[in-house]
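Trainee: I would like to go through this structure with you. May I start with whatever catches my eye?

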Amino acid sequence: MAATFFMVSGGTYGTEEIIGGSGFARGILILLITPILWSLPTSLMIGELASAMPEEGGYYAWVRRAMGNLWGFQEAWLSLAASIFDMAIYPTLFVIYLTRLFPYFSVGHRGVMVALAIVVICAAMNIAGIRVVATSSVWLFVLLSIPFLAIVVMAPFKHGAFINVASGHGTTDVGLIGGILICMWNYMGWDNATTVAGEVHNPQRTYPRAMGWAVTIVAVSYALPFAAMWLTGIGPKAFEDGAWANIAGMLGGPTLRIAIVVGGMMSAFGMFNALVMSYSRLPLAMAQDGLMPAVFTRMTPRTRAPWVAIVACAVAWAMCLGLGFEKLVTIDILLYGASLGLEFVALIVLRIKAPNMPRPYKVPGGTFGAILLSIAPMALLGFSIKQSQGETVLGMNALYFGLLVIAGGFVAYGIKLLLQPTGWFVRPADQEQPAA
């Protein structure tokens with residue numbers, strides 16, 4: 001549950017512009033309705049598939065089982081491609097919060113060295129095993145929640161105290177539509193925890209429960225601090241990206257402000273650490289199925305952590321630290337949406353192809369219920385992609401860039417087929433078979 005929290009959310013950070021652009025009433029409503037339409041159907045789908053097929057690789061394994069190697073490869077490709085745009089920002093965010101406390105790290109290459117250190121530390125923790133990552137996620141979740149819990153407790157005692165605080169200082173131009181898009185971005189990633197299903201105790205029971213609790217905790221952690229600050233009379237325009245530190249300073253003084261900043265560092269660290277655990281299992285599972293070079297199947301003897309995959313992913317993300325990708329909502333939603341769409345298709349296809357598959361948890365309503373479950377998330381995805389086409393990536397429209405990335409998955413699969421005779425993509429099980 002804690003790992004899922006960091007793979008999806010990482011706390012209240014990053015949601016300020018929803019309130020700044022939409023106001024308190026509409027913003028809080030968006031924060032509470034979006035998980036019902038977007039996260040709940042996704043978590044129900046994950047609950048069924050993860051409990052029916054608790055395999056290493058998670059969503060990749062589901063799609064491959066339902067639709068074959070080509071589409072399983074595309075599912076993993078989309079997730080790994082999206083990670084390039086997401087993972088480089090978390091060490092950078094850690095440095096941004098760090099420099100608020102210690103400007104020393106903003107000079108020269110000091111910040112870059114800190115970001116590289118975060119990548120190395122998280123890679124080492126992941127090589128140490130899933131239990132290390134999970135335990136650290138629990139403690140980071142508790143510690144970063146304390147400052148926001150303090151805001152929730154203290155704000156009612158400041159009822160109306162900030163009504164005269166100027167509310168027009170915010171510079172955000174995010175409106176209602178933009179708020180919905182940012183909210184969807186902040187509620188993405190529910191399936192990431194499933195890639196480690198082969199290492200989770202009793203996954204058939206654990207995943208449905210963890211998904212349900214995680215959805216609830218993320219929604220409450222987003223909405224409750226804003227509801228508390230609404231009581232103080234502060235204007236919604238005071239909320240812009242990164243505003244929580246200053247608002248906490250007004251409410252509880254420098255101590256609370258520092259706690260919020262430190263919480264931001266823990267949030268960035270926890271998200272990167274948990275996502276390393278998630279993404280690194282994709283090359284492992286693909287290599288075990290002969291869809292990536294067999295070297296990625298190598299694991300540590302004691303913890304069974306896929307150390308080659310972890311190191312390879314960490315190196316790739318470290319090389320992207322200087323690219324400066326920040327909240328590329330269009331491409332994130334497009335790539336994540338395409339992979340999520342394949343997962344819903346897998347849910348429906350497996351209902352038809354494997355009706356007797358043991359399903360400890362099952363979405364009610366039969367095949368029709370599975371189809372119905374996918375309508376709201378897919379409709380929101382279509383709406384979001386249509387509305388957020390103004391971003392650019394490397395000078396290109398983000399939507400077109402994302403479509404090129406998707407097309408690249410089919411090219412990569414073709415290259416894999418061409419290289420198949422070289423022996424790079426031999427499954428370990430096949431290597432053990434005697435020659436015919």
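Trainee: Where is the place of N202?

Mentor: N202 sits in the loop between helix 9 (176–186) and helix 10. Please keep in mind that we are looking at a predicted model.

Trainee: What sign does phi have at N202, and about how many degrees is it?

Mentor: Phi is positive there, about 50 degrees, although N202 is not a glycine. Most residues other than glycine have a negative phi.

Trainee: Is N202 buried or exposed, or something in between?

Mentor: N202 has a relative accessible area of 34%, so it counts as partly exposed.

Trainee: Which other residue should I look at for a positive phi?

Mentor: Consider R304, which is not a glycine and has a positive phi of about 60 degrees. R304 is placed in the loop between helix 12 and helix 13 (307–319). Its relative accessibility is 48%, and R304 is therefore classed as partly exposed.

Trainee: Let me step back. How many helices and strands does the protein chain have?

Mentor: The secondary structure amounts to 17 helices and 2 strands.

Trainee: What does the radius of gyration say about the chain?

Mentor: The protein chain has a radius of gyration of 22 Å. A compact globule of 436 residues would have a value near 22 Å, so the two agree. Along the principal axes, the C-alpha trace spans about 80 × 55 × 45 Å.

Trainee: What percentage of the residues count as buried?

Mentor: Of the 436 residues, 55% count as buried. As for contacts between residues at least 6 apart in sequence, 82% of them join residues at least 24 apart.

Trainee: Now salt bridges. How many does the structure hold?

Mentor: There are 5 salt bridges in the structure. One of them pairs E48 with R351, with the closest N and O atoms 2.7 Å apart.

Trainee: Where do the two partners, E48 and R351, lie in the chain?

Mentor: They belong to distant parts of the chain: E48 is in helix 3 (residues 24–52) and R351 is in helix 14 (residues 329–353), with their positions 303 residues apart in sequence. Both E48 and R351 are buried.

Trainee: Which residue besides R351 meets E48 in a salt bridge?

Mentor: R359 does, at 3.0 Å from N to O. R359 lies in the loop between helix 14 and helix 15 (366–387), and this pair is 311 residues apart, again linking distant parts of the chain. R359 is buried, as is E48. Together, E48, R351 and R359 are linked in a network of salt bridges.

Trainee: And which residue forms a salt bridge with R281?

Mentor: The partner of R281 is E56, at 3.7 Å from N to O. R281 is in helix 12 (residues 281–288), whereas E56 is in the loop between helix 3 and helix 4 (59–67), and the two are 225 residues apart.

Trainee: Why does E56 count as buried?

Mentor: E56 has 17% relative accessibility, and buried means under 20%. R281 is buried too, with a relative accessible area of 0%.

Trainee: Back to helix 3 for a moment. Which residues does T34 touch, apart from its neighbours within four places in sequence?

Mentor: T34, which lies in helix 3, is in contact with S39, C183, M184 and Y187. T34 is buried, with a relative accessible area of 7%.

Trainee: What about G341 in helix 14: how far is it from L381 in space?

Mentor: The C-alpha atoms of G341 and L381 are 9.4 Å apart, while the residues are 40 apart in sequence. G341 itself is found in helix 14 and is buried, with a relative accessible area of 13%.

Trainee: One last topic, pockets. How much space lies in the second largest pocket?

Mentor: The second largest pocket holds about 700 Å³ of space. It is lined by 24 residues, and the closest to its centre are M1, I130, A134, V200 and T206.

Trainee: Which elements give two or more residues to that lining?

Mentor: Those elements are helix 1 (2–8), helix 8 (130–154) and helix 10 (203–230). Helix 10 gives the most, with 6 residues.

Trainee: How do the lining residues divide into nonpolar, polar and charged?

Mentor: The lining of the second largest pocket has 16 nonpolar, 5 polar and 3 charged residues.

Methods:
Residues are numbered from 1 along each chain as its sequence is written. This is a predicted model: local features need pLDDT of at least 70, side-chain atom pairs count only at pLDDT 80 or more; totals for chains, interfaces and linings use all residues. Side-chain values use heavy atoms; hydrogens and water are left out. A salt bridge is a side-chain nitrogen of Lys or Arg within 4 Å of a carboxyl oxygen of Asp or Glu. Helices (H or I, at least four residues) and strands (E, at least two) are DSSP runs, numbered from the N terminus. Buried means under 20% relative accessible area, exposed over 50%, partly exposed in between (1.4 Å probe, protein chains only). On a 1 Å grid over the protein atoms alone, a cavity is a set of points where a 1.4 Å probe fits but cannot get out, and a pocket is an open set with protein on both sides within 12 Å along at least five of seven lines; lining residues have an atom within 4 Å of a point. Grid points are joined across faces, edges and corners, and a volume is the space filled by probe spheres set on the points. Ala, Val, Leu, Ile, Met, Phe, Trp, Tyr, Cys and Pro count as nonpolar, Asp, Glu, Lys and Arg as charged, and the others, Gly among them, as polar. The radius of gyration is taken over C-alpha atoms; the globule rule is 2.2 Å times the number of residues to the power 0.38. Contact means heavy atoms within 4.5 Å.
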